[in-house]
Amino acid sequence: MKASLRFLAWLFWTVIASLVSLFVLILLARLFYVVFPSLSFYTIVLWINRNIGFPLAYYLMGVPIILLFSLYFYRRGIRRHEKKYLELLIEEVHKIEDGSVRKIPVENVGQLGQLATDINRMVERLRTSMEEERRAEQTKNELITNVSHDLRTPLTSITGYLGLIEQDRYRDEVELRYYVNMAYEESLRLKQLLQDLFEYTRMQNKEMKLDKTRINLAEMLHQISAHFGWQMQESGMEFRIYLQGPLLVQADGDKLRRVYENLITNAIRYGQEGRYVDIRGWQEGNEVVTEVVNYGEPIPAADQPHLFDRFYRVEKSRAVDTGGSGIGLAIAKHVVELHQGGIGVESNEFRTAFIVRLHRDVT
């Protein structure tokens, strides 16, 4: 719309200036005849007709005038447009200085248009930086809040049980051992929480690096399940392992072990009602697919998209009794994604399965 108005203004002033110029030329011609009366109009017209010709004379006189004024008003319009656009850029830069992150409209005005594009790119980086800073501040506040809560719970229990022992408030050695055992279990919870927080901090600072080797995932899962044998017995649960052949991947064994330890711990914690924890694995095209399945209460559909978010807990009302740090699954997802793999969950009234997909080693 603005370009059309500028074109109409240019055309209008070009026509007006050309007509005025022709009128002035006619007046000058009349003045010439007055100053030089010896020259008659007839002799001049006859000379033009013989040597130039009337149509060509009109062209030679009119076309340069029109072109001259066209060029003049075109350049004049460009200069005025550049001046207004430069004032707009200065005004928008001042707004950015005051905290605005609004983009500047880009117009095709030579180098000023490129300058506007560069400013918009800078504004976009500024907006991204501000959003990242805001998210970092929010994450820090969430971390402080959650860590304060999670550390307080086991520390309160440990202090309480040790206080009872210190004050000799136990009836016999059996009750003493009970208090010692409870304090020990709470200390293990505290150790696991601190380990999760350490891993999470490394993950946030992008310090987590992979040391990949060729791994038979089937053998690793057998070893991990054997390590959880005593926990399964205490929980009255049993492993069922279905692994189809060697499952070879290029991965960091220590970090991948951490993923499956988190998934199995999660399955034991929330799947005791179902008695079994199934570990399945098979090859699917160029991928190795593994599942850790439990048969406890299903995860509500509304919670499933957020299950791998940091500090997210499904069982908010039972967090003190059964909940972990809330970042174990977030760490697992980060480790799997570092391996260019994927992790997800499927849950219904019959089963809850955490599914890990990794690239198969075909070398």
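This briefing describes the sheet, several helices, the aromatic contacts and selected backbone features of the structure above. The model is predicted. Its open sheet contains five strands with mixed pairing, and the structure also holds three aromatic pairs. Helix α8 covers residues 253-270, and helix α5 covers residues 173-204.

**The open sheet**

- The strand order in the sheet is β2-β4-β5-β7-β6, and the pairing is mixed.
- The edge positions belong to β2 (238-243) and β6 (342-347); each has a single partner strand, so one side of each is left without a neighbour in the sheet.
- From one strand to the next, the twist averages 15°.
- Strand β2 runs parallel to strand β4 (residues 276-284), and six bridges join the two.
- Within this β2 to β4 pairing, R240 has D278 of β4 as its bridge partner.
- Strands β4 and β5 are antiparallel to each other and are paired over eight bridges.
- Q283 is matched with V288 of β5 as its bridge partner.
- A hairpin is formed by β4 and β5, with two residues between the strands. In its turn, G285 has a positive phi of about 65°.
- On the next step of the sheet, β5 pairs with strand β7 (residues 352-359), again in the antiparallel sense and over eight bridges.
- V288 has L358 as its bridge partner in β7, while V288 is also the β5 partner of Q283.
- Strand β5 (residues 287-294) is mostly covered, with seven of its eight residues buried.

**Helix α8**

- How far apart are the end C-alpha atoms of helix α8, and what span should its 18 residues give at 1.5 Å a residue? The expected span is 26 Å and the end C-alpha atoms are 26 Å apart, so the two values agree.
- The N-terminal end of α8 is capped by D252, which places a side-chain oxygen 3.2 Å from the backbone nitrogen of D254.
- Buried residues of α8 include G253, K255, L256, R258, V259 and Y260.
- Further along α8, N262, L263, I264, N266, A267 and I268 are buried as well.

**Aromatic contacts**

- Y161, Y178 and Y179 make up one aromatic cluster.
- Among the three aromatic pairs of the structure is that of Y178 and Y179: the ring centres are 5.9 Å apart and the planes stand at 55°, so this pair counts as tilted.
- Is Y178 buried or partly exposed? Y178 has 45% relative accessibility and therefore counts as partly exposed.
- Y179, by contrast, counts as buried because its relative accessibility is 11%, under the 20% limit.
- In a contact of another kind, the charged end of R240 sits over the ring of Y276, 4.0 Å from the ring centre.

**Helix α5 and the loop before it**

- E175 is found in helix α5 and, with 16% relative accessibility, counts as buried.
- A polar atom of the E175 side chain lies 2.6 Å from the backbone nitrogen of R171.
- N181 also has its place in helix α5; its relative accessibility of 36% makes N181 partly exposed.
- The C-alpha atoms of N181 and Y161 are separated by 9.3 Å, although these residues are 20 apart along the chain.
- D168 lies in the loop between α4 (111-166) and α5.
- At 54% relative accessibility, D168 counts as exposed, because the limit for that class is over 50%.

**Positive phi outside glycine**

- Most residues other than glycine have a negative phi.
- D168 has a positive phi of about 55° although it is not a glycine.
- Q340 is another residue other than glycine with a positive phi, near 60°.
- Where does Q340 lie? Q340 has its place in the loop between α9 (328-338) and β6, and takes its positive phi just after α9.
- In α9 itself, G328, L329, A330, I331, A332, V335 and V336 are buried.

Methods:
Residues numbered from 1 in each chain as written. Predicted model: local features only at pLDDT ≥ 70, side-chain atom pairs only at ≥ 80, totals over all residues. Heavy atoms only, no water. Helix = DSSP H or I, 4+ residues; strand = E, 2+ residues; numbered from the N terminus. Expected span 1.5 Å × (residues − 1). Buried < 20%, exposed > 50% of the residue type's maximum accessible area, 1.4 Å probe, protein only. Polar contact = N/O pair within 3.5 Å; in protein donor to acceptor, adjacent residues only side chain to side chain. Phe/Tyr/Trp six-rings, centres within 6.5 Å; stacked < 30°, edge-to-face > 60°. Lys NZ or Arg CZ within 6 Å of the ring centre and 35° of its normal. Pairing = 2+ DSSP bridges. Axes fitted to C-alpha atoms, helices over the stretch in contact; angles between N-to-C directions.
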